[in-house]
Amino acid sequence: MKKIRLLFQGDSITDAGRDREDMHNMGEGYPKYASEMLRAAYPDVEFEFINLGISGNRTDELFDRLTFECINLKPDIVSILIGINDVWHRYNWGLVMTTDEQIKLNYTCILERIKNETNAKILMLQPYTEGEKQAMMRGDVEKLKTIVDELGEKYADAYVKLDDLMHADENYGKPDYFTPDGVHPNENGAKFIAELYVKAMKDLI
């Protein structure tokens, strides 16, 4: 039986209330649904799912913990959804924690290390916001998307244009359909991300 160690990495969207004492706990977000869907879709694959997303993380913080929480784990596949806090914290705290240039450098260094120090395939997910609740930072999110799209084209084995697909969905615009605050997904949003995740994973398994 084929064995695959799949690592979910990111911020609170990936963390989703997981038990941090158990790296195999998927939390209540898209990793939970994606792992269930993948097991159902590939019964002949023995998956080990690991979720190490940490709420509040920015690109620099993911880079700082990359050795122990990615490289040393030797994943077969690593997925990354990161970057929204680099932007959101500018508005929450009124501070530019990371400039757009620093975001690009941080994320590039993350991807370079994974490419050079593991044999893992990389699935990247585009950062997103939904609805009017985060309209104030939409311009910065568009700049972030441009950065991540460029890196996805260069480094990812599969890339999910999550923001684009969410905005194109027939349910987009319905109040609180995907997320109550414009960023953190509810059950609908988590399942939406998971379905796209599993579809993108097809060519990596």
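Why these labels apply

User: Why is Arg-20 called partly exposed?

Analyst: Arg-20 has a relative accessible area of 47%. Partly exposed is the class between under 20% (buried) and over 50% (exposed), so Arg-20 at 47% counts as partly exposed. The model is a predicted one, and the value is computed from it.

User: What makes Asp-15 and Arg-20 a salt bridge?

Analyst: Their closest N and O atoms are 2.6 Å apart. The cut-off is 4 Å between a side-chain nitrogen of Lys or Arg and a carboxyl oxygen of Asp or Glu, so the pair at 2.6 Å qualifies. The partners fall in two classes of exposure: Asp-15 is buried with a relative accessible area of 4%, whereas Arg-20 is partly exposed.

User: How many salt bridges does a search of the whole structure find?

Analyst: The search of the whole structure gives 18.

User: Why is the contact of Arg-90 with Asp-140 called a salt bridge?

Analyst: The closest N and O atoms of Arg-90 and Asp-140 are 3.3 Å apart, which means that the pair lies within the 4 Å cut-off. Arg-90 is in helix α5 (residues 84-92) and Asp-140 in helix α7 (residues 138-155), so the salt bridge ties together parts that are 50 residues apart in sequence.

User: What makes Arg-90 and Asp-140 count as buried?

Analyst: Arg-90 has a relative accessible area of 13%, and Asp-140 has one of 14%. Buried means under 20%, so both residues are buried.

User: How do you know that α5 is mostly covered?

Analyst: In α5, 7 of its 9 residues are buried. They are Ile-84, Asn-85, Asp-86, Val-87, Trp-88, His-89 and Arg-90. The cover over these buried residues includes α1 (12-15), α3 (59-64), α6 and α7.

User: What makes Asp-157 and Lys-115 a salt bridge, and which parts does the pair tie together?

Analyst: The closest N and O atoms of Asp-157 and Lys-115 are 3.7 Å apart, so the pair is within 4 Å and meets the cut-off. Asp-157 lies in the loop between α7 and β5 (158-160), and Lys-115 lies in helix α6 (residues 100-117), so parts that are 42 residues apart in sequence are tied together. At 39% relative accessibility Asp-157 is partly exposed, and Lys-115 is partly exposed at 33%.

User: Which residues do salt bridges that share partners join into one network?

Analyst: The network joins Arg-138, Glu-142, Lys-145, Asp-163 and Asp-164.

User: Why are α6 and α7 called roughly parallel?

Analyst: α6 and α7 pack at an angle of about 20 degrees, with their axes 10 Å apart. Angles under 35 degrees count as roughly parallel, and α6 and α7 are therefore roughly parallel to each other. The crossing of α6 past α7 is right-handed.

User: What do α6 and α7 bring into contact, by residue and by class?

Analyst: Residues of α6, among them Ile-103, Tyr-107, Leu-111 and Lys-115, meet residues of α7 including Leu-144, Ile-147, Val-148 and Leu-151. The contact divides into 8 nonpolar, 1 polar and 6 charged residues.

User: Why is α2 called oblique to α9?

Analyst: The axes of helix α2 (residues 30-41) and helix α9 (residues 187-201) cross at roughly 45 degrees and come within 8 Å. Roughly parallel needs under 35 degrees, and roughly perpendicular runs from 65 to 115; an angle of roughly 45 degrees is in neither class, so α2 is oblique to α9. The crossing is right-handed.

User: Which residues of α2 meet α9, and what classes does the contact hold?

Analyst: Tyr-30, Tyr-33, Ala-34, Met-37 and Leu-38 in α2 meet residues of α9 that include Ala-190, Ile-193, Ala-194 and Val-198. The contact of α2 with α9 has 11 nonpolar, no polar and 3 charged residues.

User: What makes Asn-106 buried, and what does Asn-106 contact?

Analyst: Asn-106, found in helix α6, has a relative accessible area of 8%, and this is under 20%, so Asn-106 is buried. Leaving aside neighbours within four places in sequence, Asn-106 is in contact with Thr-59, Asp-60, Phe-63 and Thr-98.

User: Why does Gly-152 count as buried?

Analyst: Gly-152 has a relative accessible area of 5%, and the limit for buried is under 20%, so Gly-152 is buried. Gly-152 is placed in helix α7. Not counting residues up to four places away in sequence, Gly-152 touches Met-124 and Tyr-159.

Terms used. Residues numbered from 1 in each chain as written. Predicted model: local features only at pLDDT ≥ 70, side-chain atom pairs only at ≥ 80, totals over all residues. Heavy atoms only, no water. Buried < 20%, exposed > 50% of the residue type's maximum accessible area, 1.4 Å probe, protein only. Helix = DSSP H or I, 4+ residues; strand = E, 2+ residues; numbered from the N terminus. Axes fitted to C-alpha atoms, helices over the stretch in contact; angles between N-to-C directions. Parallel < 35°, antiparallel > 145°, perpendicular 65-115°, else oblique. Left-handed = near helix turned anticlockwise from the far one by under 90°. Contact = heavy atoms within 4.5 Å. Nonpolar A, V, L, I, M, F, W, Y, C, P; charged D, E, K, R; others polar.
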